Amino acid sequence: MLLVRMQFLQLLSRRHGKLEMLFQTPFCQKQFPYLSLTTSACLCNKKEKGNSYEQVDQEKYKNLVRSVTSYKTSAQTPETIFEEDNLLYGPPDKCSPPVGAETKTPRKWVPLINSNKRIPPLNSDSSLPMKIPLQKTKMPSVTRILQQTISPQQAFYLERWKQKMILELGKDGFEEYTKNLFLQGELFHAALESIFLSEETAAKEQMKGEDAAISGYLSSVQHVLEDISDVKALESAVQHETLQYLGLVDCVAKYRGQLCVIDWKTSEKPKPLLKNTFDNPLQVAAYVGAINHDANYNFQVSCGLIVVAYKNGSPAHPHFMDSGLCSQYWNKWLLRLEEYMDKN
């Protein structure tokens, strides 16, 4: 019997792979049926499980939706919509700009600084800031030019923000909301003007007694006011005699020793960077050029300052524009001015 078994093993060893198949085949036969049975079991479980949504607490789900949708309040601004879209879809313009787009120059070049303007000696007697009233003329204003040459991207987001606000507040509610924003801005500018025209002690007392609607804004800019001196103009009209446009300058004064066109802005959302202020740098550059080419002003300016004040009283963000930055935005302003002239 032992001899027969040895001969059988020798015969198998002569044929390569037969011995391995003898031991592996039963193992494989156990694996494939096992996988097949497992899969069919899963399919049966899915069929017998039924609709899992029927087990959801519908009332709890409604409360969740209500809590999420109620989070959107009237504090939403075009800036927040920009951030939401950038988060969900990425930057709206992913294509590279055309070659030479940044170096485009206007057809009619007018320098920012007026080399022909004569600056008389300083007169110590004229201590009051200039305040020239704005006259109605056919010349377009800086604000109108910027509004009518806004980029399609910004126009889209502004319009969408407006429609969202109307859906939330209603048409009358949205009109009331914008009316209150303009009113707060006017009160804020008027308060700053009275502060600059008053004595230092009187100004501090006035800041304490201001209306609650603008008290936060005044507290926000308090640290900036400490760096402002030698105020030369307040809420004063300017016009560019060559390019034929006009505007109303908030303030012209020295900021940390540099004479600047100062533009006061209010915001409910932080704007720590200059790019967060959208077209405000172009507006400041336009005012700088207008002052330098306006015969009513016996001085020239080469710098700008945008101060963003916050309603909650947090420290304002001052964005200083040196002569180099003003020159860059002056070039962009001339292009926008040409675009407006071409349209009209």
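The secondary structure of this predicted model consists of 11 helices and five strands. Of the 344 residues in the protein, 34% are buried. The surface that the protein exposes comes to about 22,800 Å², and 57% of that area is supplied by carbon and sulfur atoms. Among contacts with a separation of 6 or more, 75% are accounted for by residues 24 or more positions apart.

Two residues call for a separate note on backbone geometry. Most residues other than glycine have a negative phi. E235 is not a glycine, yet its phi is positive, at about 45°. Q244 is likewise not a glycine and has a positive phi, of about 60°.

Where do E235 and Q244 lie? E235 is part of strand 1, which covers residues 228-240. Q244 is in the loop between strand 1 and strand 2, the latter being residues 245-255.

Is E235 buried or exposed? Its relative accessibility is 19%, so E235 counts as buried, the cut-off for that class being under 20%. Q244 has a relative accessibility of 39% and therefore counts as partly exposed, a class that sits between the buried limit of under 20% and the exposed limit of over 50%.

The values for both residues are set out below.

| Residue | Phi | Location | Relative accessibility |
|---|---|---|---|
| E235 | about 45° | strand 1 (residues 228-240) | 19%, buried |
| Q244 | about 60° | loop between strand 1 and strand 2 (245-255) | 39%, partly exposed |

Definitions and conventions: Residues numbered from 1 in each chain as written. Predicted model: local features only at pLDDT ≥ 70, side-chain atom pairs only at ≥ 80, totals over all residues. Heavy atoms only, no water. Helix = DSSP H or I, 4+ residues; strand = E, 2+ residues; numbered from the N terminus. Buried < 20%, exposed > 50% of the residue type's maximum accessible area, 1.4 Å probe, protein only. Contact = heavy atoms within 4.5 Å. Areas by Shrake-Rupley, 256 points an atom, 1.4 Å probe, with all protein chains shown as cover.
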